[in-house]
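Student: Could we go through this model together, one question at a time, with the definitions stated as we need them?

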Amino acid sequence: MFNSLPRLPLAHLPTPLEALPRLRAALQAEDPGRPVPRLLVKRDDQTGLASGGNKTRKLEYLLGEALAQGADTVLTVGAPQSNHCRQTAAAAAKAGLRCLLVLGGHAPRLTGGNLLLDRLLGAQIIWAGQEDRLALLAETARSQAASGYRPWVIPYGGSSPAGAAGYALAFQELLTQAQAAGWQVDHVATASSSGGTQAGMAVGAWAAGFTGQIHGISIDQRADDFQPALAELAQQTASLLGAPHPFRAEAMIVHDAYLGAGYGVLGDAERAAIDLLARSEGLLVDPVYTGRALAGLLDLIRQRRFAASETVVFWHTGGLPALFAYAEQLD
Ligand SMILES: Cc1ncc(COP(=O)(O)O)c(C=O)c1O
């Protein structure tokens, strides 16, 4: 149904789809009368590129685009502990491209977590300080071109239509796996921030005639602001894939009750979710994205938003290296 797009193979696919029986039992034990759905996890923390994560699927198409345009340098932008930047640095190294990362703020005293990996992967880091990161990104791309390089800018979070296309296809992968295992998926929950993951899933779900729900657990945006952007990106992604379709903002499910004290601020809810999954299933989530998304999903379950007969997939989008940057707060 979809057009094929230029693609650089980077990911180990399909990623596993696994049951979480001990997490389910732990939730049931909290309150035996509460309905707890069957819980599955889609292991995109295992995409295989420099510690994995959701950006690998996006980067297959983003780098495919960059190479098709004849780029020799990729540039992108993010927070100092950006998983997107770390994965972009790895993808660029694998493709033989130079990588420049514009990171917000100033260099920290200690280089740890994703930032350490950025450096090991050979990326050149430009600290934005108090400057606007996006303006500095555009200016850096211009100066690279003026120096004779062929730069290609990958947007924040890799959330362009080409990046989101990776998740349209990923959703089809999920449904194929679930069908083979005899599981009917009723709900999917994912961390949602720059939007490419959720918007891409919406396109894949529509194309497959999926009748369940995709729940974006917002990491840093209010639903009212975020839903129109998700619908617009889904629409552009469907067009890029040669399957134009309108998407309504109201149809994008965004839970914005879990923003806590803001982006990257580890709260009690994230800490409890990280501990519960680690101790019940031996599975790690990160403090910024997947810990917050899991905390949101656990709250929805405790609020009895799902029936015991339903199946909910927690889409694990990675982020492992950030755990080490939060060692003092987590220990
Ligand atoms: C680990 C992790 N999960 C989820 C997300 C959110 O994905 P998206 O930006 O496509 O909404 C990110 C984005 O940076 C991430 O690093």
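Student: By class, how many nonpolar, polar and charged residues does the shell around the ligand have?
Tutor: This is a predicted model, in which local features need pLDDT of at least 70 and side-chain atom pairs count only at pLDDT 80 or more, while totals for chains, interfaces and linings use all residues. Residues are numbered from 1 along each chain as its sequence is written. With Ala, Val, Leu, Ile, Met, Phe, Trp, Tyr, Cys and Pro counted as nonpolar, Asp, Glu, Lys and Arg as charged, and the others, Gly among them, as polar, the shell has two nonpolar, 17 polar and one charged residues.

Student: Which helix gives the most to the shell around the ligand?
Tutor: The ligand is surrounded by 20 residues (C-beta atom, placed from the backbone, within 6 Å of it), and the closest are Asn83, Ser194, Tyr289, Thr317 and Gly319. At least two shell residues come from each of helix H3 (83–95), strand E7 (187–192) and helix H7 (196–208), where helices (H or I, at least four residues) and strands (E, at least two) are DSSP runs numbered from the N terminus. The most, three residues, come from H7.

Student: From which domains does the shell around the ligand draw at least three residues each?
Tutor: The domain bounds come from an automatic or database domain assignment, and the C-alpha centres of the two domains lie 25 Å apart. Their contact, counted where C-beta atoms placed from the backbone lie within 7 Å, takes 25 residues from domain 1 and 24 residues from domain 2. The shell draws at least three residues from each of domain 1 (17–53 + 160–330) and domain 2 (55–158).

Student: Why is H6 described as roughly perpendicular to H8?
Tutor: Axes are lines fitted to C-alpha atoms, for helices over the stretch in contact, with angles running from 0 to 180 degrees between N-to-C directions. Angles under 35 degrees count as roughly parallel, over 145 as roughly antiparallel, 65 to 115 as roughly perpendicular and the rest as oblique. The axes of H6 (residues 161–181) and H8 (residues 223–240) come within 9 Å and cross at roughly 80°, which means that H6 is roughly perpendicular to H8.

Student: Which strands stand at the edges of the open sheet?
Tutor: Four strands, paired in parallel (a pair needs at least two DSSP bridges), form the sheet in the order E5-E4-E3-E6. Each edge strand has a single partner strand, so one side of each is left without a neighbour in the sheet, and these edge strands are E5 (124–127) and E6 (151–153).

Note on methods
Contact = placed C-beta atoms within 7 Å.
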